[in-house]
There are 2 protein chains.
Amino acid sequence: MPDLKMIHAAVLRLLALGATVAAVVVMVTSHETATVLNMKFTAKYNNTEAFMYFVVANAVASGYSLIVLLLPCKSLCWRIILILDVVMVVLLASSMSAALAIAQVGKKGNSHAGWLPICGQVPRFCDHVGGAIISGIAGSSLYLVLLLHSIYNVLGSAIFSLKP
Amino acid sequence: MPDLKMIHAAVLRLLALGATVAAVVVMVTSHETATVLNMKFTAKYNNTEAFMYFVVANAVASGYSLIVLLLPCKSLCWRIILILDVVMVVLLASSMSAALAIAQVGKKGNSHAGWLPICGQVPRFCDHVGGAIISGIAGSSLYLVLLLHSIYNVLGSAIFSLKP
């Protein structure tokens, strides 16, 4: 039933679109000003390259999802979509990991390198970043499921039945 | 010519194995002791979770590559290999990005968060980490090419010829 498979894929892509858009919005709106030792400083997502990469990757994936959902797919285009889905999975997973690595230093610090945690000073900023990363994990997981679903459809159900 | 495709895949996997083993060895051997303000400190890869994740991911990919290269593949196993290749691409790309994000803070610091660069104090440690990350980029890129090669073989050459 190709129609049912297409509906499954469209629902997964719609959910992934929601997750990646949420990741972008929550990360972009993360800023907080704090005063430490009479010094005023503002924590913003664009002070950190990893968070900027995270925003760009999730924005690219959102745009791509929207195009795939809105434009009708004929003949060969689903094959190109499969290749682009691989690229999106890699892009989302790598941006999520980079953001998570920096967020972890922000939360716990790294005493060996002398990097102090900053979440005590800017807790709302850290909550925003945490929320964005959770959305990013959801988005990249949904894209991974979508990719495995597509590969499963290409190879047929034999992959998981373990019969030749 | 299925034999030629298998040789291509085996060569790509062998190169990826070399890259991931090199990434593990170079990262694991990265340690340096420095004295700053009469305080002695040692920079090691296992002081940072992202670098430990990088080592584990590359070690898992190396073991997996070795098993696939040494064990003969019959009937359905190449389909399971395709699914596991997707997992390896995601694992390698995400661990490489996490390590790169932390290495960038180590090299340039983050003035907004008050995190100072450490590569001035431990240059040899940073060179090792840099080398390991370059090997990691090579390994994850080779696995991505291997995955696209496998998908190309499954779908047939029609993907890239753009003819229905």
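These are my notebook entries on a predicted model with chains A and B, taken topic by topic.

**Entry 1: how the two chains are related**

I began with the superposition of the copies, and found that a rotation of 180° with 0.0 Å of shift along its axis places chain B on chain A, with an RMSD of 0.0 Å. That is the relation of a two-fold axis. I then looked at the contact itself, to which chain B gives 42 residues and chain A gives 42 residues. Because 100% of the interface residues of chain B are also interface residues in chain A, I note that the copies meet through the same surface.

For the extent of the contact I looked up the buried area, which comes to about 3,600 Å² between chain B and chain A, with 78% of it on carbon and sulfur atoms. How many salt bridges does the rule find across this interface? I record 0 between chain B and chain A.

**Entry 2: salt bridges**

Over all chains, the structure holds 4 salt bridges. In chain A, I found A:D85 and A:R13 joined through their side chains, with an N to O distance of 3.0 Å. Since A:D85 lies in helix 3 (residues 77-108) of chain A and A:R13 in helix 1 (residues 2-28) of chain A, this pair ties together parts that are 72 residues apart in sequence. I checked the accessibility of the two, and both A:D85 and A:R13 are buried.

Another salt bridge of chain A is formed by A:R124 and A:E32, whose closest N and O atoms are 3.8 Å apart. This pair also links distant parts of the chain, with A:R124 in helix 4 of chain A and A:E32 in strand 1 (residues 31-36) of chain A, 92 residues apart. Are its two partners buried or exposed? I find A:R124 exposed, with a relative accessible area of 54%, whereas A:E32 counts as buried at 9% relative accessibility.

In chain B, I looked up B:R13, which forms a salt bridge with B:D85, the closest N and O atoms being 3.1 Å apart. With B:R13 in helix 1 of chain B and B:D85 in helix 3 of chain B, the pair ties together parts 72 residues apart in sequence. At 6% relative accessibility B:R13 counts as buried, and B:D85 is buried with a relative accessible area of 0%.

**Entry 3: disulfides**

My search of the whole structure gave 2 disulfides over all chains. A disulfide is a covalent bond between the sulfur atoms of two cysteines. In chain A the bond joins A:C119 and A:C126, with the sulfur atoms 2.0 Å apart. The torsion about this S-S bond of A:C119 and A:C126 is about -90°, so I enter the disulfide as left-handed. Both ends fall under the 20% limit for buried residues, with A:C119 at 15% relative accessibility and A:C126 at 17%.

In chain B the bond runs from B:C119 to B:C126, again listed with an S to S distance of 2.0 Å. Here too I enter a left-handed disulfide, because the torsion about the S-S bond of B:C119 and B:C126 is about -90°. I also note that B:C119 and B:C126 are buried.

**Entry 4: helices and single residues**

I compared helix spans with expectation. Helix 3 (residues 77-108) of chain B has 32 residues and reaches 46 Å from its first C-alpha to its last, close to the 46 Å expected at 1.5 Å a residue. After helix 3 of chain B comes B:G109, whose phi is positive, near 70°. Helix 2 (residues 49-70) of chain A, with 22 residues, reaches 31 Å between its first and last C-alpha, close to the expected 32 Å. Among the buried residues of helix 2 of chain A, I list A:F51, A:F54, A:V55, A:N58, A:Y64 and A:V68.

Two serines of helix 4 were also looked up. B:S150, in helix 4 (residues 123-155) of chain B, is buried, with a relative accessible area of 16%. Leaving aside its neighbours within four places in sequence, B:S150 is in contact with B:L82 and B:D85. A:S135, in helix 4 (residues 123-155) of chain A, counts as buried at 15% relative accessibility. Not counting residues up to four places away in sequence, A:S135 touches A:A19, A:A22 and A:A23.

Last, I looked up B:A22, found in helix 1 (residues 2-28) of chain B, and it counts as partly exposed at 27% relative accessibility.

Notes. Residues are numbered from 1 along each chain as its sequence is written. Chains are lettered from A and ligands numbered from 1 in the order in which they are written. This is a predicted model: local features need pLDDT of at least 70, side-chain atom pairs count only at pLDDT 80 or more; totals for chains, interfaces and linings use all residues. Side-chain values use heavy atoms; hydrogens and water are left out. Helices (H or I, at least four residues) and strands (E, at least two) are DSSP runs, numbered from the N terminus. Buried means under 20% relative accessible area, exposed over 50%, partly exposed in between (1.4 Å probe, protein chains only). A disulfide is a pair of cysteine sulfur atoms within 2.5 Å. Copies are superposed by least squares on the C-alpha atoms of residues with pLDDT of at least 70 in both. Contact means heavy atoms within 4.5 Å. The expected span of a helix is 1.5 Å times one less than its number of residues. Buried area is the accessible area (1.4 Å probe) that two parts lose on being put together, summed over both.
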